[in-house]
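Trainee: Could we go through this model together? I'd like to start with one residue and then move on to a strand.

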Amino acid sequence: MIKTANFVVSNADPSNCPKPDRAEIAFIGRSNVGKSSLINMLTGQKGLAKTSQKPGKTQLINHFMINDKWYLVDLPGYGFAKVNVKVKHGWENMISTYLTKRENLCGVFVLIDSRLEPQKIDLEFLLWCGTEGVPTALVFTKADKQSKSKTDQNIHKFLKKTEQIFEEAPDYFVTSAEAGTGKEDLTKFLEELVTE
Ligand code: GDP
């Protein structure tokens with residue numbers, strides 16, 4: 001159970017992140033996928049992660065301390081429609097450095113909008129994770145937005161696409177920040193990851 005969650009620090013430079021002296025789990029996804037809402041649901045704190053960051057705002061790696069034991073990291077979203085090339089490259093540099101160099105990173109949760117057919121940008125990012133050996137799991141968000149059968153259909157299609165990327169099917173979770181769906185399962189999994 002997540003009992004306490006406190007903001008620690010934001011960084012633009014991965015080498016300034018806190019000392020890697022405890023387990024760390026990161027969340028990433030397309031902008032507007034519901035990442036802030038999910039983090040707020042998991043931690044039970046409505047305002048912890050800022051919802052809907054706008055393009056142009058500084059993109060930062062945000063560390064939160066959970067239960068005085070492990071770090072939860074909120075990474076900036078990808079796929080803003082209108083960012084310029086410089087911002088895009090800055091993001092890529094920051095994220096690739098963080099994800100490949102962060103030694104205490106136990107897992108990266110890539111959020112996928114369960115309403116949508118498989119999106120190229122998500123599959124490209126996952127392909128990169130797979131190639132780099134980043135330990136990846138999936139979270140399908142906004143499951144309250146459509147029928148369960150539609151959600152299942154989209155997830156099935158998505159997982160089918162990832163078969164070409166991962167040798168072993170990634171762990172995945174279905175969530176709704178609105179309805180609280182998936183909170184227990186995901187929390188349990190996070191706790192197992194950080195105590196391994
Ligand atoms: P972020 O940009 O990935 O951090 O996404 P946000 O958490 O800011 O969410 C983007 C929008 O989707 C907001 O309007 C949220 O209220 C909405 N949203 C996020 N999660 C859910 C969910 O589980 N269900 C529904 N219905 N809306 C959601």
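Trainee: Is Thr-97 buried, exposed or partly exposed?

Mentor: This is a predicted model, in which local features need pLDDT of at least 70, side-chain atom pairs count only at pLDDT 80 or more, and totals for chains, interfaces and linings use all residues. Residues are numbered from 1 along each chain as its sequence is written. Thr-97 is partly exposed because 14 other C-beta atoms lie within 10 Å; with C-beta atoms placed from the backbone, 20 or more would make a residue buried, 12 or fewer exposed, and anything in between partly exposed.

Trainee: And where does Thr-97 sit?

Mentor: Thr-97 belongs to helix α2 (residues 85–101), where helices (H or I, at least four residues) and strands (E, at least two) are DSSP runs, numbered from the N terminus.

Trainee: New topic: why is strand β5 largely enclosed?

Mentor: Seven of the nine residues of β5 (residues 105–113) are buried, so the rest of the structure largely encloses this strand.

Trainee: Which strand pairs with β5 in the parallel sense, and over how many bridges?

Mentor: Strand β2 (residues 24–29) does so over six bridges, pairing being counted when DSSP finds at least two bridges between two strands, and Glu-24 stands opposite Leu-105 in β5. Strand β6 (residues 136–141) also pairs with β5 in the parallel sense, over six bridges, with Phe-109 opposite Ala-137 in β6.

Trainee: What is Val-110 in contact with, neighbours within four places aside?

Mentor: Its partners are Ile-28, Gly-29, Phe-125, Leu-126, Thr-136 and Leu-138, a contact being two C-beta atoms, placed from the backbone, within 7 Å.
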